[in-house]
Amino acid sequence: MSTVTGGGAAQAVGIQAAADPDPLWRHPLVLRFGRIGRRLRRADRARPWVVDTLVVIGAFLLFCLPDLIRGGGPHELEGVFNQVPLGVMVAFQAGLILPLLLRRRAPMTAFVMTAAVFAAQWSLQVFLRADVALFIALYSLTLHSSLRRLLWACAITVAVLTLAVVQISAVASVPEAAFFLVCASTAAVALGLVVRIRRSQLAALRDRAAQLEIERDQRSMLAVAGERARVAREMHDILGHNLSVIIRLADGGAYAVRVNPDRSAQALTLIGETGREALNDLRRTLGALRDDAAVPDLSPQPGIADVDGLCDRFRAAGPRVSYRTAGELPADRGLQLATYRIVQEALTNALKHAGPDTEARVSLEVVHQRLRIQVEDTGPAVGFEPAADSSDGQGLIGIRERAALYGGTVTTGRTRGGGWTVQTELELAPAQERTP
């Protein structure tokens with residue numbers, strides 16, 4: 001496509017030229033008439049009565065005025081058709097063209113009035129050029145009225161045209177006259193149907209465009225809601241995990257300060273490291289929400305390689321944590337982040353509900369193109385009272401949501417020894433092969 005300049009109209013013309021292979025529609029004259037037609041349609045929608053008045057004025061100038069100047073129909077038809085006084089001629093002409101003012105508001109009424117005057121005129125054997133108003137009224141009725149009324153209008157048209165054919169038979173053959181009048185009527189109906197279908201198509205396209213805009217806005221709102229849910233999950237994982245570890249370390253350090261000051265200092269050091277890590281994760285997550293962030297934080301998200309460090313932090317808080325892997329673990333960063341967060345949430349729940357004296361076993365293994373993640377604890381020690389939790393199961397909900405992104409399943413429940421297990425399986429197939 002050649003380069004087109006000159007604003008939105010020229011750009012639209014260029015797009016149309018590239019999409020339409022017929023060179024006729026790219027002709028400058030056709031394009032100019034198309035622009036004129038669009039302006040007329042806009043003016044018609046803005047002031048319909050002006051266009052109706054112009055139609056009546058145009059019919060008067062083209063078809064009524066010549067008869068008024070000559071005092072009747074064509075001179076070659078003198079002696080065949082009756083000549084009527086000027087006042088009667090004006091009355092017939094007014095009865096034929098003035099109903100066209102109602103051609104959109106009451107198309108059936110306008111057609112019936114025009115057909116009645118047409119029949120009265122031809123019953124008196126009077127020829128007028130203004131008879132073309134009958135076909136204009138038939139076109140308007142086809143365009144603006146119902147198809148049932150169109151059938152009645154066609155029947156009326158056949159009746160009044162039969163009367164005209166009988167009167168014209170004095171100067172022309174009946175087949176020729178009938179053929180001409182039937183062709184004119186068919187052309188009027190066909191043109192009305194074409195314009196009506198075209199308008200219906202344009203209205204459907206406009207409705208479709210409006211629906212697409214609504215769907216686009218809805219998709220944007222869903223994307224925003226999804227992003228908010230994602231950020232909420234990240235913040236829940238970051239704050240829930242790190243604060244749980246910090247609280248357990250602080251409790252242990254407070255106890256150790258009386259019996260083993262070295263362990264207390266180690267606990268304080270771990271609290272500082274955990275707090276700094278939580279702060280960095282929180283800054284990275286909240287930085288994604290800032291539109292004016294000049295320099296984004298490009299530090300990588302945690303993955304499977306960081307699970308070892310995660311287990312170390314939990315060991316520092318008290319629980320005994322064992323960790324093992326089997327199979328070739330995935331390299332996909334999104335799946336690695338989901339795996340890390342699932343393990344983090346499961347260990348956090350174990351620390352909250354089983355206490356620092358529990359033993360947790362973490363395993364990651366690949367079985368038949370599925371990554372199986374299992375975190376199991378041995379339950380709380382005797383006398384341990386878990387703290388009240390106001391999250392109302394949000395951690396497990398977050399695990400299920402992350403698993404659903406990768407076509408996974410989550411199974412939770414109590415073990416025979418009184419502990420708790422969380423088992424998750426994630427699909428390792430590429431994203432385009434997964435069913436949404």
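Author: Helices here are DSSP runs of H or I with at least four residues, strands are runs of E with at least two, and both are numbered from the N terminus. The model is predicted, so local features need pLDDT of at least 70 and side-chain atom pairs pLDDT 80 or more, while totals for chains, interfaces and linings use all residues. Residues are numbered from 1 along each chain as its sequence is written, and side-chain values use heavy atoms, leaving out hydrogens and water.

Reader: Fine, let's start with Q369. Where is Q369 placed?

Author: Q369 sits in the loop between β2 (359–366) and β3 (370–377). Its phi is positive, about 60°, although Q369 is not a glycine. Most residues other than glycine have a negative phi.

Reader: And why does Q369 count as exposed?

Author: The classes go by relative accessible area: buried is under 20%, exposed is over 50%, and partly exposed is in between (1.4 Å probe, protein chains only). Q369 has 54%, so exposed is the word.

Reader: What makes Q125 partly exposed?

Author: Its relative accessible area is 23%, so Q125 is in the middle class. Q125 is in the loop between α5 (107–123) and α6, and it too is a residue other than glycine with a positive phi, near 60°.

Reader: Over to the strands. Why is the pair E425 and R370 called a salt bridge?

Author: The term asks for a side-chain nitrogen of Lys or Arg within 4 Å of a carboxyl oxygen of Asp or Glu. E425 and R370 meet at 3.0 Å, N to O, so the pair passes. E425 is in strand β5 (residues 420–427) and R370 in strand β3, so the contact ties together parts 55 residues apart in sequence.

Reader: How do you know that E425 is buried?

Author: E425 has a relative accessible area of 18%, so it is buried. R370 is buried as well.

Reader: Which other salt bridge does R370 make with β5?

Author: R370 also meets E427, at 2.4 Å, N to O. That pair links β3 and β5 across 57 residues. E427 is partly exposed, at 25%.

Reader: What makes this a network?

Author: R372 and E425 form a salt bridge too, at 3.1 Å. R372 is in β3 and E425 in β5, so parts 53 residues apart are tied together. Shared partners then join E365, R370, R372, E425 and E427 into one network. The structure holds 9 salt bridges.

Reader: Now α2 (28–46). How do you know that its length fits a helix?

Author: The expected span is 1.5 Å times one less than the number of residues. For the 19 residues of α2 that gives 27 Å, and the end C-alpha atoms are 27 Å apart, so the two agree.

Reader: What makes one face of α2 the buried one?

Author: L31, G37 and D44 are buried in α2. Seen down the axis, the buried residues fall within an arc of 135° (taken from the directions from the helix axis to the C-beta atoms), so they line one face.

Reader: Last one: which element gives the largest share of the lining of the largest pocket?

Author: That is α2, with 9 residues. A pocket is an open set of points on a 1 Å grid over the protein atoms alone, where a 1.4 Å probe fits, with protein on both sides within 12 Å along at least five of seven lines; lining residues have an atom within 4 Å of a point. This lining has 29 residues, and G37, R41, V195, R199 and L202 lie nearest the centre.
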